[in-house]
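Colleague: I am new to this structure. Please show me how to read its helix packing.

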Amino acid sequence: MHSTLMLPALVAALLAGSARAEVRLGSDVLAARDFQELRGKRVGLIANRSSSNVRGVSTIERLRRAPGVKLVALFAPEHGIDSDLLAGKEFTNSIHKTTGLPVYSLYGPGPIRRPTPAMLKGLDVLIYEVQDTGFRPYTFISTMGLAMEACGAAGVQFMVLDRPNPLGGQRIEGPVLDPAFRSFVGQWNIPLIYGMTAGELARMINGERWISNRCQLTVVAMTGWKRSMTWRDTGLPWVPTSPNVRTFATALGLPATGLVGEIGGLNVGLGGQYPFQCFAAPWLDANKTAAYFNDLKLPGLRFHPVAFQSPRGAYSGQTVRGARIEFTAPATAPLAALNFHALEAARKLGRRDLFAEAQRVGKSFAMFDKVVGTDKVRRALQSGQSAASIVASWKAGEDAFRRRRQPYLLYP
């Protein structure tokens with residue numbers, strides 16, 4: 001009797017699962033077309049460890065074996081071809097240990113942040129196939145657009161093999177970049193969280209003429225991906241994109257805690273079990289901190305008491321306590337706003353004004369302004385504005401960007 005009652009629900013669940021379309025990456029779509037767009041061409045590939053499909057097959061190997069395709073060079077963004085270098089660590093050109101192909105550094109000393117004419121010489125097409133995080137300061141999208149510009153100048157075709165935005169295609173949060181604060185951690189006039197795939201963003205970069213030399217752009221779109229999907233909905237395995245972004249939960253936490261990390265004073269979990277998923281300090285009480293955040297009743301979020309020994313940073317070797325973030329509804333949970341709620345928590349629970357303390361010791365906020373993409377947020381913090389008012393100040397820019405991106409979207 002009990003199993004019979006459960007049967008309709010079980011059947012419904014199975015039908016729902018079978019009805020959901022399989023997400024096929026741009027690289028899978030290209031392979032299904034037998035690589036026709038690349039036949040007879042000399043190809044370069046911007047790639048790293050994340051450049052693989054649901055079965056774990058590397059795009060490097062797929063292109064090497066593709067009929068009629070000549071893969072002649074690899075290009076590595078920040079964190080290197082194996083995604084194992086820490087943020088900010090520059091590296092030089094090398095030879096790929098598996099294929100023997102040259103690996104050109106797009107995060108090299110000098111600094112080198114785009115392909116040089118010498119790197120592009122002899123190429124017919126340069127492909128971008130790297131998993132992004134959906135957070136503007138994560139530098140892969142800067143690499144993509146600057147490579148597009150270099151290809152436009154050199155007359156080399158640029159191709160994006162599209163991949164999901166792990167944060168989804170609907171979430172737009174944060175201030176739109178002020179061009180006065182343009183840098184490698186903020187190249188394009190988009191919000192902190194911009195809700196576009198790499199292919200869609202490439203179309204916008206080209207279409208809005210954000211680069212001085214527009215390129216001949218081809219985007220190989222995915223199939224089965226919808227804007228409502230976060231990474232958890234795709235069925236794809238998360239492959240670490242850098243040493244500190246090893247899981248999807250970490251990709252969600254990066255925009256939720258990264259701005260606080262630029263100010264300092266709170267441990268956000270780096271080096272521990274929950275990187276970018278904590279707010280902790282020796283002077284906080286874990287239970288009270290978790291309760292404070294839960295009382296905010298932020299949708300899609302739950303907070304748990306946490307205590308651990310800080311492995312590095314200002315509190316290295318000390319026990320820190322606070323709240324760990326659980327993303328119960330990844331598609332709807334507010335992310336960027338959490339940074340500012342955390343600053344308020346420090347002030348109300350620990351009686352610590354972290355922004356004022358950083359000012360007193362002469363901390364430079366140049367990188368904070370670059371990461372945020374404007375100095376308006378810093379000035380709002382200096383004037384004592386609340387988290388709610390800072391978040392509300394973004395709405396007009398978010399709405400304008402949502403309209404501006406519309407012509408470049410590829411997915412329903």
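Modeller: We will take two helix pairs in turn.

Modeller: This is a predicted model, where local features need pLDDT of at least 70, side-chain atom pairs count only at pLDDT 80 or more, and totals for chains, interfaces and linings use all residues. Residues are numbered from 1 along each chain as its sequence is written, and side-chain values use heavy atoms, with hydrogens and water left out.

Colleague: At what angle do the axes of H5 and H6 cross?

Modeller: Helices are DSSP runs (H or I, at least four residues), numbered from the N terminus. Axes are lines fitted to C-alpha atoms over the stretch in contact, and angles run from 0 to 180 degrees between N-to-C directions. Here H5 (residues 140-154) and H6 (residues 198-207) cross at roughly 45 degrees, their axes coming within 10 Å.

Colleague: What is the orientation of H5 and H6 to each other?

Modeller: Under 35 degrees is roughly parallel, over 145 roughly antiparallel, 65 to 115 roughly perpendicular, and the rest oblique. H5 and H6 are therefore oblique.

Colleague: Which residues in H5 meet H6?

Modeller: Contact means heavy atoms within 4.5 Å. Ile141, Met144, Gly145 and Met148 of H5 meet H6 residues Ala198, Leu201, Ala202, Ile205 and Asn206.

Colleague: And the second pair?

Modeller: H9 (residues 286-295) packs on H10 (residues 336-349) at about 130 degrees, with axes 11 Å apart. That angle makes H9 oblique to H10. On the H9 side, the contact uses Lys288, Thr289, Tyr292 and Phe293. H10 brings Leu338, His341, Ala342, Glu344, Ala345, Lys348 and Leu349.

Terms used: Helices (H or I, at least four residues) and strands (E, at least two) are DSSP runs, numbered from the N terminus.
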